[in-house]
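Hi,

Here is the structure I said I would pass on. Have a look first, and my notes follow underneath.

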Amino acid sequence: MSDTAKLQVPGKEVEYPILTGSTGPDVVDIRKLYANTGMFTYDPGFTSTASCESGLTYIDGDEGILLHRGYPIGQLAEESSFMEVSYLLLNGELPNKEELDKFTYTISRHTMLHEQLATFYRGFRRDAHPMAVMCGVVGALSAFYHDSTDITDPKQRMIASHRLIAKMPTIAAMAYKYSVGQPFLYPDNSLSYTGNFLRMTFGVPAEEYVVNPVVEKALDRIFILHADHEQNASTSTVRLAGSSGANPFACIAAGIACLWGPAHGGANEAALNMLHEIGTPDRIPEFIARAKDKNDPFRLMGFGHRVYKNYDPRATVMQKTVREVFKELNVTDPVFEVALQLEEMALNDPYFVEKKLFPNVDFYSGIILSAIGFPTTMFTALFALARTVGWVAQWNEMISDPDQKIGRPRQLYTGPVQRDYIPVDKR
Ligand code: ACO
C-alpha cells in the first residue's frame with residue numbers, strides 16, 4: 001500500500017487505500033465505501049473496475065503488450081507450444097523438460113470422453129451450432145466425473161482442470177463430426193495435443209490421417225494466442241459462476257456460453273462473414289463509411305477492443321501465420337487481400353485513428369482457420385478449446401484466494417418505488 005485516495009461525498013470525506021500491483025495501474029480499494037457512505041460505485045461494463053487480484057496475465061492496452069506470467073505473447077507464440085503455455089498458466093512457471101513431458105502425458109491420459117457421452121451428442125439436431133453442443137456437453141461433464149467436483153480439494157481441482165484441457169479437443173471435434181454426419185474418431189495419444197485435434201476433426205476411420213506440421217504449428221499458435229486474456233467477459237463469467245462454489249464443468253460451460261457472443265468470441269466468425277460480404281477491395285470504402293455512420297449499427301468486425309487502444313499484439317502474429325499457412329497449402333484466398341486493404345484503409349482513416357480502433361486477434365484468425373478447412377461455425381468452438389486453460393487457471397486462482405467471496409454486484413435502481421398491489425378486476 002503506498003498512498004490513499006480521498007473522496008468527498010455530501011457531508012463527509014472518506015479515505016481509501018491505493019493498492020499497487022507489480023505493474024499496471026494502481027487501484028483504489030473501495031471495499032468499505034458502502035459501509036462508510038451508504039453509496040455504491042456505478043461502472044456498467046466494468047470499464048474502471050478491477051474485480052480481483054490476479055498473477056496470470058497482464059495487458060497494457062495502450063502499448064499493445066500482453067504477458068502471461070511475465071512472458072510476452074509474441075515470444076510464447078513464436079518459440080513455445082500450447083502444452084508449455086498451458087503448464088505456465090496453470091502452474092506459474094515454465095516447465096523443465098521432465099515437467100513438460102509429465103504434463104503432456106497427463107493431459108494425453110484424459111483425452112477420451114465417457115462412452116455414454118456419444119449418445120448425448122445424438123440428442124442434438126445435426127444443424128446445431130457447435131457452441132450450443134459445447135455448452136451442453138461441457139456442462140454435462142459434471143454428471144460423468146463426480147470424483148473431480150469437490151472444489152475445496154486442490155487435487156480434485158487439478159484433475160478437473162486437466163480433464164477439461166484434455167477433453168475439449170475431443171468435444172469440439174465430435175461436435176464437428178456430428179454436424180457433418182461422419183463417425184466420431186477416438187483420440188490418438190501418439191500425436192501432439194494439436195495434431196490429435198486435427199486428426200479427430202479431419203480424419204476418417206477409412207484412411208490414415210497425416211498431420212501437416214505447418215498446419216499443426218499454425219493451429220498450436222492460434223491456441224497459444226487465445227489461451228488467456230485477463231478478466232475478459234467469459235473469464236469473468238467463469239469466475240462469477242465459480243464464486244458461488246459451482247463445480248468446474250458448470251463454470252466452464254458458463255464461460256463457453258458467454259464467449260459465444262459476437263462482441264467476444266463470436267467475432268472471428270463475424271469478421272470472416274463480413275470480409276466475404278465485402279468480397280472485393282473496391283467495396284471497402286462503402287463498408288468503412290457504414291462503420292462510421294452513427295445511424296448505421298454496422299461495425300467493422302475484428303476491429304476495436306475494450307482494452308487495446310493500440311495494435312493487438314496477437315493480430316501481428318496472426319497476420320504472419322496467414323502467410324505461412326497460405327504458402328504451405330497453396331491457397332490464394334481473395335478475402336486475405338480484402339482484409340489487408342481494409343486494415344490499411346481503416347488505419348489511415350481519421351475516425352479509426354481518433355477512436356484508436358485497430359485490428360484485434362479475430363481479424364485474421366478466421367482467414368487461417370478457413371484455409372485449414374474449418375467451417376465458420378467452428379471458429380468460436382476453437383476459441384473455447386484454447387481459452388479453457390485460461391478459464392481453469394483463473395478459476396483455480398480464485399478458489400485459492402483467501403479474499404474470495406461470492407460475486408454480487410449492486411445496482412442503481414431506477415424502477416418504480418414501493419406501491420400497493422391492485423387486484424386485477426380493479427386495474
Ligand atoms: N467499428 C466501428 N466503430 C467502432 C468499432 C468498430 N469495430 N468498435 C468501436 N467503435 C466505435 C463505437 O461506435 C464508439 O463510438 P462513439 O464513441 O462515437 O460512440 C467507440 O468506437 C467506442 O466503442 P465502444 O463500443 O464504446 O467500445 P467498447 O470498448 O465497449 O467495445 C468492442 C469494444 C466490443 C470490441 C468493439 O470495439 C466492437 O464491437 N468491435 C467489433 C467486434 C469485435 O471485433 N470483437 C472482438 C473483441 S476481441 C475478443 O473478444 C477476442
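Let's start at the ligand: a polar side-chain atom of lysine 294 sits 2.6 Å from one of the ligand's oxygen atoms, a polar contact in the sense of two N or O atoms within 3.5 Å. Tyrosine 351 also brings in a polar side-chain atom, 3.0 Å from a ligand nitrogen, while alanine 263 has a polar backbone atom 3.3 Å from a nitrogen of the ligand. On its own the ligand exposes 920 Å², and the protein buries 74% of that (Shrake-Rupley areas, 1.4 Å probe).

Before you go further: this is a predicted model, where local features need pLDDT of at least 70 and side-chain atom pairs pLDDT 80 or more, while totals for chains, interfaces and linings use all residues. Numbering runs from 1 along each chain as its sequence is written, and side-chain values use heavy atoms, without hydrogens or water.

Next, helix H15, residues 334-347 (helices are DSSP runs of H or I with at least four residues, strands E runs with at least two, numbered from the N terminus). Its buried residues (under 20% relative accessible area, 1.4 Å probe, protein chains only) include Phe336, Leu340 and Glu343. They pack against helices including H12 (267-278) and H17 (362-372), with contact meaning heavy atoms within 4.5 Å.

There's also an open antiparallel sheet of three strands, ordered E4-E5-E6; pairing takes at least two DSSP bridges. E4 (57-60) and E6 (71-72) are the edge strands. Four bridges join E4 to E5 (residues 65-68), and threonine 57 has histidine 68 in E5 as its bridge partner.

Cheers

Conventions:
Buried means under 20% relative accessible area, exposed over 50%, partly exposed in between (1.4 Å probe, protein chains only). A polar contact is a pair of N or O atoms within 3.5 Å; within protein, one must be able to donate a hydrogen and the other to accept it, and residues adjacent in sequence count only if both atoms are side-chain atoms.
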